Amino acid sequence: MLKPIISRSSLAILRRSPISSIYKSGVRLTSSRSTPAIQEGLGDFALTDRVAIVTGGNRGLGLEAALALSAAGSRAVYCLDLPEKPGENWNAARQSVAKLGGARRLEYVTADVRDQKTLFKTVEEIATKEGRMDICVAAAGISGAARSCLEYTEEELEEVHDVNFKGVFFSAQAAARQMVRFQLPGSIILLASIAGSVALKHTPILPYNTSKAAVIQMARVMACELAQKNIRVNSLSPGFIETPMTKAVISVQPEFQSIWSEQSFMNRLGKPHELRGIMTWLASDASSFCTGSNIIVDGGYTAW
Ligand SMILES: NC(=O)c1ccc[n+]([C@@H]2O[C@H](COP(=O)([O-])OP(=O)(O)OC[C@H]3O[C@@H](n4cnc5c(N)ncnc54)[C@H](O)[C@@H]3O)[C@@H](O)[C@H]2O)c1
């Protein structure tokens, strides 16, 4: 006769075990960080009262991340970027966030992610002012020049790695230090790329590829070290998305619209807003068991 998987005595012990009220019937009835937005229906995706920094937040995927985090209820999202003043799109985004109501706001801070000391100071000042630091999206990045791998100079290699590798690391460090200081759980999202996992046909940008591979590994290593401090670190690898970065190339060489599109099952580039869901998920408690992962969103580009 087959033995039951759980013996009668184990069952008795299980029945006596205190079950957390939030897990009654195996269903999570309320969040440990219940908020008004949760009641509004966002559930664990709600970011109410969270404070975030987004590097490269003046435009493109950084600005899109800032909008996504605000829409999910973040109290303050600080966009860090190079220009002294934010651009038109950022100003429009700020106004749209203000219209969302509540205490939500976008802030702009001039910052260079390559300058570790100043970045640490800037992010510390933000965290002190807001009394917390919950989310970091490291989206500042450059593509660098496209040329044969036989031609790249040391300067060209360094230029890309200074922003895409060192800058992303300094940003994650700066935010994580504040999460530790305030003893709060945190989520760090590093913008990598499918270029970190595969070579890009007809797009010879070796320093970009190697910098993104480094970002994917950076997320794993930081996730491993920081899990005990309740900080999650993941990398996000989009395929080709319509942003100022890709539009700049297409405006000079229109053939890249089809070269990049043809590699995806969907035969098109992605739109920035198509990353909003994954960014919100990664930033929020909805992804509480996800760390050290590299999430690919590429319309099928790397699936074959
Ligand atoms: N657009 C795509 O197809 C695509 C695909 C995969 C990954 N990515 C990555 O997503 C991130 C955002 O890309 P995007 O397409 O929005 O590019 P983008 O050029 O539109 O925006 C990048 C932003 O980073 C800022 N930046 C550059 N150097 C900086 C520095 N030293 N300090 C602070 N800010 C700096 C720029 O000023 C700019 O606002 C990048 O890391 C990029 O590699 C983009």
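Two residues count as in contact here when their C-beta atoms, placed from the backbone, lie within 7 Å. Keep that in mind as you walk through this predicted model.

**Stop 1: the sheet.** Start by colouring the strands. You should find 7 of them in an open sheet, ordered E3-E2-E1-E4-E5-E6-E7, with parallel pairing. Now select residues 105-110 (strand E3) and 294-297 (strand E7): these are the edge strands, each with a single partner, so one side of each has no neighbour in the sheet. Look along the sheet and you can follow its twist, which averages 20° from one strand to the next.

**Stop 2: the E7 edge.** Select residues 231-238, strand E6. E6 runs parallel to E7 and is joined to E7 by 4 bridges. To see one of the pairings, show Pro238 and its bridge partner in E7, Val297.

**Stop 3: a helix on the other edge.** Next, pick residues 88-100. This is helix H4, which packs on the sheet and touches E3 and strand E2 (76-81); the direction of H4 makes about 150° with that of E3.

**Stop 4: H4 and its helix partner.** Keep H4 on screen and add helix H3 (60-71). The axes of H3 and H4 come within 10 Å and cross at roughly 5°. Angles under 35 degrees count as roughly parallel, so H3 is roughly parallel to H4. Show side chains for Leu63, Ala66, Leu67, Ser70 and Ala71 of H3, and for Asn89, Trp90, Ala93, Val97 and Leu100 of H4, which make the contact. By class, that contact has 8 nonpolar and 2 polar residues, with no charged ones.

**Stop 5: H7 and H6.** Select residues 206-226, helix H7. H7 lies across E6, E7 and strand E5 (186-191), and runs at about 165° to E6. Then add residues 154-181, helix H6: the two helices pack at an angle of about 20°, with their axes 9 Å apart. That angle makes H6 roughly parallel to H7, and their crossing is right-handed. Among the residues that meet are Phe165, Val168 and Phe169 in H6, and Tyr208, Met218 and Met222 in H7. This contact has 14 nonpolar, 3 polar and 2 charged residues.

**Stop 6: the ligand.** Finish by centring on the ligand. Which residues are the closest to the ligand? They are Gly56, Gly60, Gly141, Thr243 and Met245, out of 28 residues that surround the ligand. H3, H6 and helix H8 (244-252) are the elements that give two or more residues to this shell. Colour the shell by class and you will see 14 nonpolar, 10 polar and 4 charged residues.

Note on methods. Residues numbered from 1 in each chain as written. Predicted model: local features only at pLDDT ≥ 70, side-chain atom pairs only at ≥ 80, totals over all residues. Axes fitted to C-alpha atoms, helices over the stretch in contact; angles between N-to-C directions. Parallel < 35°, antiparallel > 145°, perpendicular 65-115°, else oblique. Left-handed = near helix turned anticlockwise from the far one by under 90°. Nonpolar A, V, L, I, M, F, W, Y, C, P; charged D, E, K, R; others polar. Pairing = 2+ DSSP bridges. Near = placed C-beta within 6 Å.
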